[in-house]
Amino acid sequence: MTTVPVAPAESGRQPAPALQEKVIVGLDIGGSKTHGVRIDGGRVTRNEVAGSANVQNVDQATAAANVGDLMAALGGLDADAVYVGAGGIDTREDAANLRKLISPHAPRADVEIVHDTRLILAAAGQDAGIAVIAGTGSAVWGTNEAGDEARIGGWGYLLGDEGSGYWFGREAVRHSLRQFNLGLAPDELTRLLLSDCGLDRPEQLISHFHTNHDRRYWAQRSGVVFRAAAHGHVLSQAIIREGGWHLADQVLQVARRLALVGPVVLGGGLGVHQPALVEALNAHLAGEGLAAAKPLAVEPVFGAVHLAGAHLPAGTGQPLEGPGR
């Protein structure tokens with residue numbers, strides 16, 4: 001359990017009167033961590049991080065334990081409302097199963113569960129627009145002024161997640177094995193990947209990949225592509241452009257369905273912390289006449305506050321600093 005210094009999102013508006021005296025808990029359940037905040041009277045009073053509670057990434061027992069630890073640290077027993085954003089919420093059954101993990105730790109509260117892409121847009125203070133997640137996984141979700149919604153991707157690493165951390169890690173492995181099969185000496189990307197994996201030879205990657213198939217592990221290897229690209233490795237730069245194209249294609253599909261051109265808000269670890277990916281994404285979006293994607297300036301969990309209709313008073317702090325999902 002990690003306690004993060006209390007530092008809420010910026011906003012100039014006062015909390016909605018009906019919610020001003022309520023205790024609101026916001027949860028952002030990602031592939032690598034679960035971030036929670038407690039809002040008392042419109043002010044962030046607790047800010048905690050625990051392990052992932054996403055059952056697509058950890059087993060049920062681990063998810064339940066992480067939720068219990070986090071809700072205890074947030075003082076969930078007296079919460080009036082809990083707003084949760086989580087990946088893998090594709091059906092009512094998914095939401096109901098997650099609610100069962102959370103409700104015992106907040107017995108007084110109404111528990112509202114949404115897909116985590118919705119938190120991204122809400123955290124930017126937007127009620128309409130397009131949200132992009134590029135983290136461990138990837139997904140794009142949008143809504144227009146009429147309330148119509150559309151989502152592309154978010155199927156998980158076995159079915160998609162193009163442009164995600166896992167995708168970049170896997171592409172680094174594929175590149176290295178192709179080079180090996182062609183009889184070429186390890187290049188910059190391969191050397192960085194082998195070092196990051198603690199391996200000596202490219203052929204070891206085959207067994208290592210299938211043995212270490214946890215998607216978080218390979219998402220964490222995504223950084224080697226961006227390091228190699230920064231060193232001038234042309235093929236790594238091409239991988240980044242391709243990843244940006246995949247994300248842009250998903251944005252375009254959502255935009256067409258909802259008749260939107262923006263705003264486009266980008267979240268997730270890669271989306272917030274890898275400018276080269278943002279540049280590649282925006283190069284493709286510009287060619288389609290869409291607004292440039294802007295990385296989220298605050299942690300997604302504050303989208304729960306916006307969804308609750310409560311806006312933090314001015315002067316209560318600055319946006320959170322810290323790693324993305």
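These legends walk through several close-up views of the structure above.

The model is predicted, so local features need pLDDT of at least 70 and side-chain atom pairs count only at pLDDT 80 or more, while totals for chains, interfaces and linings use all residues. Residues are numbered from 1 along each chain as its sequence is written, and side-chain values use heavy atoms, with hydrogens and water left out.

**View 1. His115 and its surroundings.** Let's start with His115, which belongs to strand S6 (residues 110-115); strands are DSSP runs of E with at least two residues, helices are runs of H or I with at least four, and both are numbered from the N terminus. With a relative accessible area of 10%, His115 is buried (buried is under 20%, exposed over 50%, partly exposed in between; 1.4 Å probe, protein chains only). Leaving aside residues up to four places away in sequence, His115 touches Ala86, Gly87, Gly88, Ile89, Asp90, Ala139 and Arg151, where contact means heavy atoms within 4.5 Å. Arg151 is 36 residues from His115 in sequence, and their C-alpha atoms are 9.9 Å apart.

**View 2. Aromatic rings around Trp218.** Rings of Phe, Tyr and Trp (its six-membered ring) pair if their centres lie within 6.5 Å; planes under 30 degrees apart are stacked, over 60 edge-to-face and the rest tilted. By this rule there are 5 aromatic pairs. Phe209 and Trp218 have ring centres 4.9 Å apart and planes at 40°, so this pair is tilted. Tyr217 and Trp218 make an edge-to-face pair, with 4.9 Å between centres and 85° between planes. Trp218 is buried, with a relative accessible area of 0%. Tyr217 also has company: the charged end of Arg221 sits over its ring, 4.3 Å from the centre (the rule asks for NZ of Lys or CZ of Arg within 6 Å of the ring centre and within 35 degrees of the ring normal).

**View 3. An open sheet and its helices.** Here 5 strands line up in the order S9-S8-S7-S10-S11, with mixed pairing; two strands pair if DSSP finds at least two bridges between them. Strand S9 (149-153) and strand S11 (293-295) are the edges, each pairing on one side only. S10 (residues 264-267) and S11 run parallel, joined by 3 bridges, and Val265 has Lys294 as its bridge partner in S11. Helix H11 (residues 275-287) lies across S7, S10 and S11, at about 160° to S11; axes are lines fitted to C-alpha atoms, for helices over the stretch in contact, with angles from 0 to 180 degrees between N-to-C directions.
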